[in-house]
Amino acid sequence: MIQAVWQPRKALATLTVLGMLLAGASAASAATVLESESNNSAATADAVNIGDTVLGQLNGPGGGADNDYFAFTAPTAGTVTVTFSSDGGTSEAVNQYISVIDATTATTLATGSISPTSPSRTITFSKTAGHTYHVVLVKPTGSPALYGYHLAIS
Ligand SMILES: [Ca+2]
Ligand SMILES: [Ca+2]
């Protein structure tokens, strides 16, 4: 009899916590997301959010060239930090490139690269509320990349 009273309360409490977690997740939108090919152009960019970490690979068919585009819109002004890292660290064999573009003004804000001796690159830039930003990762034609990458946006 006591359990008949307690169980619904417990279930309700669990639902409330779940609801709070879901609400928090959609508001803060910190998630681990996988890239979705084909994302090789601004028009087919993967939508991401500030707070996300993206997992992907820079290899086209047969290990060839690949471009990965990611897009997000800044809800507020402030600073964005983007870190692009090879999952293989110094074991990766090929250079890969990153650029950050303000798509609203069509302005390239920053460019950089990672290499076997420097397998992580962090770029910081100022965002404007309402502007859309593209982060573009590129591996030019050449040797296959041996490892995937992490792209953290915060
Ligand atoms: Ca890719
Ligand atoms: Ca791609």
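This is a dialogue about how to read a predicted model of one protein chain.

Reader: Before I look at any detail, how much of this predicted model can I trust, and what is the mean pLDDT of the chain?

Author: The general idea is that where pLDDT is low, the predicted coordinates should not be read in detail. In this chain the mean pLDDT is 87, and 81% of the residues reach 70 or more. The stretch to set aside is residues 10-27, where pLDDT stays under 50 and the model has zero contacts beyond four places in sequence.

Reader: How many helices and strands does the chain have, and in which pattern do they follow one another along the sequence?

Author: There are one helix and ten strands, and reading along the sequence gives the pattern α-β-β-β-β-β-β-β-β-β-β. Sequence order says little about who sits beside whom, and for that one turns to the contacts. Among contacts between residues at least 6 apart in sequence, 69% join residues at least 24 apart.

Reader: Then how should I read the sheets, and what is the strand order in the one that contains β9?

Author: One reads a sheet from edge to edge, asking of each strand which partner it has and in which sense the two run. The sheet with β9 is an open one of five strands, ordered β2-β4-β9-β6-β7, with mixed pairing. Its edges are β2 (46-47) and β7 (107-114), each of which has a single partner strand, so one side of each is left without a neighbour in the sheet. Going inward from β2, two bridges join it to β4, and these strands run parallel, with Ala-47 opposite Ala-71 in β4. β4 and β9 then pair in the antiparallel sense over eight bridges, and here Phe-70 stands opposite Val-135 in β9.

Reader: And what happens on the other side of β9, towards β7?

Author: β9 pairs with β6 in the antiparallel sense over six bridges; Val-100 has Val-135 as its bridge partner in β9, and Ile-98 stands opposite Leu-137 in β9. β6 in turn pairs with β7, again antiparallel, over seven bridges, with Tyr-97 opposite Ser-113. The hairpin of β6 and β7 has four residues between the strands, and in this hairpin Ala-106 takes a positive phi near 55°.

Reader: Which strands make up the sheet that contains β10, and in what order?

Author: Five strands form this open sheet in the order β1-β3-β10-β5-β8, and the pairing is mixed. Here β1 (32-34) and β8 (120-127) stand at the edges with a single partner strand each, so one side of each has no neighbour in the sheet. Neighbouring strands of this sheet are turned by 20° against each other on average, with direction ignored. As a worked pair, take β3 (residues 53-56) and β10, which are antiparallel over four bridges, with Val-54 opposite Leu-151 in β10.

Reader: How do I find the nonpolar core, and which residues have the most contacts inside the largest one?

Author: In a regular strand the side chains alternate between the two faces of the sheet. One therefore asks which strands supply residues to the core, rather than counting whole strands as inside or outside. The largest nonpolar core has 23 residues, and those with the most contacts inside it are Phe-70, Phe-84, Val-135, Leu-137 and Leu-151. β4 (66-73), β5 (78-86), β6 (96-102), β9 (132-139) and β10 (149-153) each supply at least two of its residues, and the largest share, four residues, comes from β9. Leu-137 makes a useful example: leaving aside neighbours within four places in sequence, it is in contact with Leu-58, Asp-68, Phe-84, Gln-96, Ile-98, Tyr-149 and Leu-151.

Reader: Is a polar residue such as Ser-86 buried or exposed, and which residues does it touch?

Author: Here one counts neighbours rather than judging by residue type, and 20 or more within 10 Å is the threshold for buried. Ser-86, which is found in strand β5, has 25 C-beta neighbours inside 10 Å and therefore counts as buried. Apart from residues up to four places away in sequence, Ser-86 touches Glu-92, Ile-114, Pro-119, Tyr-147 and Tyr-149. The C-alpha atoms of Ser-86 and Ala-145 are separated by 9.3 Å, although these residues are 59 apart along the chain. For the chain as a whole, buried residues make up 21% of the 154 residues.

Definitions and conventions
Residues numbered from 1 in each chain as written. Chains lettered and ligands numbered in written order. Predicted model: local features only at pLDDT ≥ 70, side-chain atom pairs only at ≥ 80, totals over all residues. Core = buried A, V, L, I, M, F, W, Y, C linked by C-beta atoms within 7 Å. Buried ≥ 20, exposed ≤ 12 C-beta atoms within 10 Å, placed from the backbone. Contact = placed C-beta atoms within 7 Å. Pairing = 2+ DSSP bridges. pLDDT = per-residue confidence, 0-100. Axes fitted to C-alpha atoms, helices over the stretch in contact; angles between N-to-C directions.
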